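Me: I would like a close look at one part of this model, with the whole chain as background. Please keep it plain and define terms as you go.

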Amino acid sequence: MAQAMRPQSSISLFATDGKSHPLQDTLVVATVVLGLVAFVTGFFDNLHLLSSWTGLVGILTGAYGQFISETTRERFALIIGLGAAGVGFYLGMAHGGLFGGWAG
């Protein structure tokens, strides 16, 4: 029962192993925020630049976060952020793309 009485040194919401993961936590928060911004702005035609770029960056940060994640909570939050970033990215691409479309 000594392990039950051990004080938790980590205040992190995502770490379940009792260790601090500052890089992973930063990537989780960044991916979720970027995914949320991309998802919300993806529903507006005139915000396709914002949604496609934030979606792309969210996908890249989420993929790297998955690569280095250490706990299930981190992976779960990263998948939620990756899904939102992917939807926002694809909606942004459908509305005009990364560079605003080619008006000719």
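What share of the contacts in the protein chain with a separation of 6 or more comes from residues 24 or more positions apart? Then take helix α2: which of its residues are buried, and what covers them?

Reply: This is a predicted model, in which local features need pLDDT of at least 70 and side-chain atom pairs count only at pLDDT 80 or more, while totals for chains, interfaces and linings use all residues. Residues are numbered from 1 along each chain as its sequence is written, and side-chain values use heavy atoms, with hydrogens and water left out.

The share is 71%, a contact being heavy atoms within 4.5 Å. The protein chain has 3 helices and 0 strands, in the order α-α-α from the N terminus. Helices and strands here are DSSP runs numbered from the N terminus: H or I over at least four residues for a helix, E over at least two for a strand. Of the 104 residues, 38% are buried. Buried means under 20% relative accessible area, exposed over 50%, and partly exposed in between, with a 1.4 Å probe and protein chains only.

Helix α2 covers residues 48–68, 21 in number. From first C-alpha to last it reaches 30 Å, close to the expected 30 Å at 1.5 Å a residue; the expected span is 1.5 Å times one less than the number of residues. Its buried residues are H48, S51, S52, T54, G55, G58, T61, G62, G65 and I68. Their cover includes α1 (22–41) and α3 (72–95). In general, an α-helix has 3.6 residues a turn, so residues three or four places apart point the same way.

Two of these residues show the packing in detail. S51 counts as buried because its relative accessibility is 0%. Leaving aside neighbours within four places in sequence, S51 is in contact with A38, T41, G42, G88, F89 and G92. The S51 side chain also reaches the backbone oxygen of H48 at 3.2 Å.

G55 likewise lies in α2, and is buried because its relative accessible area is 0%. Not counting residues up to four places away in sequence, G55 touches A38, A85 and F89. The C-alpha atoms of G55 and G92 are 8.1 Å apart, although the two residues are 37 positions apart in sequence.

Notes
Polar contact = N/O pair within 3.5 Å; in protein donor to acceptor, adjacent residues only side chain to side chain.
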